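Visitor: Please show me the model and take me through its charged side chains and strand pairings.

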Amino acid sequence: MASQFKKLAPLLNRVLIQKYEPVTKTASGILLQTSEEKQAVGKVVEAGPGQIDSKGNVMPTLVKPGDVVLLPDYGGQKIKLADQEYFIFRDSDIIGILHQ
């Protein structure tokens with residue numbers, strides 16, 4: 001049933017993320033050996049408007065669509081939309097925004 005939906009608008013302080021898969025082989029097929037630990041990195045696809053505080057004010061999410069973020073090793077709700085795999089995290093679970 002969920003595969004029939006094409007887009008998801010996260011609520012409150014939730015963020016829809018598409019994780020990046022680390023490159024493990026080159027275009028010519030050579031397998032790459034990585035000595036460092038994999039880091040969970042993803043791109044923000046959609047972000048909710050933010051959390052509502054006790055006074056009724058909206059505290060906006062700190063990330064926006066297009067941001068590349070560092071994620072915790074575990075967590076997030078895995079979902080599938082239009083044959084793509086995405087994850088939903090709370091804004092506060094995201095470790096940081098990566099800048100180039």
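Guide: Asp 91 is buried (under 20% relative accessible area, 1.4 Å probe, protein chains only) yet has no salt bridge. The model is predicted, so local features need pLDDT of at least 70 and side-chain atom pairs pLDDT 80 or more, while totals for chains, interfaces and linings use all residues. Residues are numbered from 1 along each chain as its sequence is written, and side-chain values use heavy atoms, with hydrogens and water left out.

Visitor: How far away from Asp 91 is the nearest side chain of opposite charge?

Guide: Lys and Arg count as positive and Asp and Glu as negative, with His and the chain ends not counted. A salt bridge requires a side-chain nitrogen of Lys or Arg within 4 Å of a carboxyl oxygen of Asp or Glu. For Asp 91 the nearest candidate is Arg 90, at a distance of 10 Å.

Visitor: Which backbone nitrogen lies 3.1 Å from a polar atom of the side chain of Asp 91?

Guide: Asp 91 sits in the loop between E7 and strand E8 (96-98). Leaving aside neighbours within four places in sequence, its contacts (heavy atoms within 4.5 Å) include Asn 13, Val 15 and Pro 60. The backbone nitrogen at 3.1 Å belongs to Leu 62.

Visitor: Which residue forms a salt bridge with Asp 67?

Guide: The structure holds 2 salt bridges. Asp 67 is buried, with a relative accessible area of 10%. Its closest N and O atoms in the salt bridge are 3.1 Å apart, and the partner is Lys 64.

Visitor: How far apart are the closest N and O atoms of Glu 85 and Lys 78?

Guide: Side chains of opposite charge can pair when their charged atoms come close. Glu 85 is partly exposed (between 20% and 50%), at a relative accessible area of 41%. In its salt bridge with Lys 78, the closest N and O atoms are separated by 3.9 Å.

Visitor: Which residue of E7 is the bridge partner of Ile 79?

Guide: Strands are DSSP runs of E, at least two residues long, numbered from the N terminus, and two strands pair if DSSP finds at least two bridges between them. Strand E6 (residues 77-81) runs antiparallel to E7, with 5 bridges joining them. In E7, Ile 79 is bridged to Tyr 86.

Visitor: What is the phi of Ala 82, in the turn of the hairpin?

Guide: E6 and E7 form a hairpin with 2 residues between them. Ala 82 is partly exposed at 32% relative accessibility. Although Ala 82 is not a glycine, its phi is positive, at about 50°.

Technical notes:
Helix = DSSP H or I, 4+ residues; strand = E, 2+ residues; numbered from the N terminus. Polar contact = N/O pair within 3.5 Å; in protein donor to acceptor, adjacent residues only side chain to side chain.
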